[in-house]
Amino acid sequence: MSRKKTPRSKGASAPAASAPLAANGSRPARPIGPPPPARPSLGGGDFYDVAFKVMLVGDSGVGKTCLLVRFKDGAFLAGTFISTVGIDFRNKVLDVDGVKVKLQIWDTAGQERFRSVTHAYYRDAHALLLLYDVTNKASFDNIQAWLTEIQEYAQHNVVLMLLGNKVDSAQERVVKRKDGEKLAKEYGLPFMETSAKTGLNVDLAFTAIAKELKQRSMKAPSEPHFRLHDYVKREGQGTSCCRP
Ligand SMILES: Nc1nc2c(ncn2[C@@H]2O[C@H](COP(=O)(O)OP(=O)(O)OP(=O)(O)O)[C@@H](O)[C@H]2O)c(=O)[nH]1
Ligand SMILES: [Mg+2]
């Protein structure tokens, strides 16, 4: 896999959407105004207008791989927990207001021993989904350490969202929704509770990220401003029926 190291951006906009290289090796200019006709990806066979890299991070066992499988395939990986080794990725193309947005989603290993591998990928990420497990207090307590890591290795304007996963496990829940909300507020992050098992808010989390990235890269002047925080608050399904 070839990867291009980019210097930390100083502007307020998102990192530029990655686009296929031209025959002469140069990268086409970032699209402004209406999107060009959809084009095929390199090797993926899927058609898209803009492409972004999204990374899933968080402690081992919080459900990163399951969240990705739920989003990509609509299935749940029940049974034996197979911890991710290193890093893996899956592509999915979403239609966002008529624009084909390709998300290349990197599923990282949460285990400490793979940390140096995943550090190398942060710099290229346009968005990060940071997960904890609502049935595992340590995974919640570690969020601050993850945020420190993100601050160190990711682009300063990376789109970041906090997700409290496994809300279907109401009996085992040890992190209250309001504690997740409080932490998110403290750091100014959009926040949702999810379940890879039932699919609660999974599509929404990725769609929200895709909408934000699309807007940052190709917003037409006439288009209304998309607000990620508001969208997540408005569209997110609460779990008030099941929380302690
Ligand atoms: N009840 C419930 N279990 C889940 C959910 N998501 C994941 N799990 C379970 O939690 C375990 C860990 O899930 P993974 O997705 O493999 O965890 P991970 O974050 O990818 O872990 P690493 O690859 O080690 O970083 C598995 O046994 C899953 O079946 C969920 O939403 N609800
Ligand atoms: Mg995994």
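**Helix 1, the ion site and the central sheet**

Biologist: How many of the ten residues of helix 1 are buried?
Modeller: In this predicted model, helix 1 is mostly covered. The residues concerned are Lys-64, Cys-66, Leu-67, Leu-68, Val-69, Arg-70 and Phe-71. Of the ten residues of the helix, the number buried is seven.

Biologist: Against which elements do the buried residues of helix 1 pack?
Modeller: Helix 1 covers residues 64-73. Just after it, Gly-74 has a positive phi of about 70°. The buried residues of the helix pack against strand 3, strand 4, strand 5 (99-108), strand 6, strand 7 and helix 6 (202-218).

Biologist: Is Arg-70 buried or exposed, and at what relative accessibility?
Modeller: Arg-70 has its place in helix 1. Beyond four places in sequence, Arg-70 touches Ala-75, Phe-76, Ala-196, Lys-197, Thr-198, Gly-199 and Val-202. Because buried means under 20% relative accessible area, Arg-70 counts as buried, at a relative accessibility of 16%.

Biologist: What distance separates the C-alpha atoms of Arg-70 and Gly-199?
Modeller: Gly-199 is one of the residues that Arg-70 touches. Along the chain, Arg-70 and Gly-199 are 129 residues apart. Their C-alpha atoms are separated by 6.6 Å.

Biologist: Which residues are the protein donors of the magnesium ion (ligand 2)?
Modeller: The donor atoms are both named OG1 and lie 2.0 to 2.1 Å from the ion. One donor residue is in helix 1 and the other in the loop between helix 1 and strand 4 (87-96), so the pair ties together parts that are 19 residues apart in sequence. The donors are Thr-65 and Thr-84.

Biologist: Is Thr-84 buried or exposed?
Modeller: Thr-65 has a relative accessible area of 25% and is partly exposed. For Thr-84 the relative accessible area is 16%. Because the limit for a buried residue is under 20%, Thr-84 is buried.

Biologist: Which residues come nearest to ligand 1?
Modeller: There are 24 residues around ligand 1. Polar backbone atoms lie at 2.9 Å in the case of Cys-66 and at 2.8 Å in the case of Ala-196, each distance being to an oxygen atom of the ligand. The residues that come nearest are Ser-60, Lys-64, Ser-83, Gly-110 and Asp-168.

Biologist: How far is a polar side-chain atom of Lys-64 from an oxygen atom of ligand 1?
Modeller: Lys-64 is one of the buried residues of helix 1. It is also among the residues that come nearest to ligand 1. A polar atom of the Lys-64 side chain is separated from an oxygen atom of the ligand by 2.6 Å.

Biologist: Which strands are the edge strands of the open sheet?
Modeller: The open sheet has six strands in the order 4-5-3-6-7-8, with mixed pairing. Each edge strand pairs on one side only. The edge strands are strand 4 and strand 8 (191-193).

Biologist: What angle does the direction of helix 5 make with that of strand 8?
Modeller: From one strand of the sheet to the next, the twist averages 25°. Helix 5 (residues 177-187) packs on the sheet and touches strand 6, strand 7 (159-165) and strand 8. Its direction makes an angle with that of strand 8 of about 160°.

Biologist: How many bridges join strand 6 to strand 7?
Modeller: On the side of strand 3 (residues 50-58), strand 6 (residues 127-133) is joined in parallel by five bridges. There, Met-55 stands opposite Leu-128, and Val-57 stands opposite Leu-130. Towards strand 7, Tyr-132 has Gly-164 as its bridge partner. Strand 6 and strand 7 run parallel, and the number of bridges joining them is seven.

Biologist: How many of the seven residues of strand 6 are buried?
Modeller: On one side, Ala-127, Leu-129, Leu-131 and Asp-133 are buried. On the other side, Leu-128, Leu-130 and Tyr-132 are buried, so both faces are covered. The strand is largely enclosed by the rest of the structure, because the number of its residues that are buried is seven.

Biologist: With which residue does the side chain of Asn-165 make a polar contact of 3.0 Å?
Modeller: Asn-165 is found in strand 7 and counts as buried, at 2% relative accessibility. Its contacts beyond four places in sequence include Leu-67 of helix 1, together with Leu-131, Tyr-132 and Asp-133 of strand 6. The side chain that joins that of Asn-165 in the polar contact belongs to Thr-194.

Note on methods
Residues numbered from 1 in each chain as written. Chains lettered and ligands numbered in written order. Predicted model: local features only at pLDDT ≥ 70, side-chain atom pairs only at ≥ 80, totals over all residues. Heavy atoms only, no water. Donors = N, O, S within 2.8 Å, 3.2 Å for Na, K, Ca; no water. Helix = DSSP H or I, 4+ residues; strand = E, 2+ residues; numbered from the N terminus. Buried < 20%, exposed > 50% of the residue type's maximum accessible area, 1.4 Å probe, protein only. Pairing = 2+ DSSP bridges. Axes fitted to C-alpha atoms, helices over the stretch in contact; angles between N-to-C directions. Contact = heavy atoms within 4.5 Å. Near = heavy atom within 4 Å. Polar contact = N/O pair within 3.5 Å; in protein donor to acceptor, adjacent residues only side chain to side chain.
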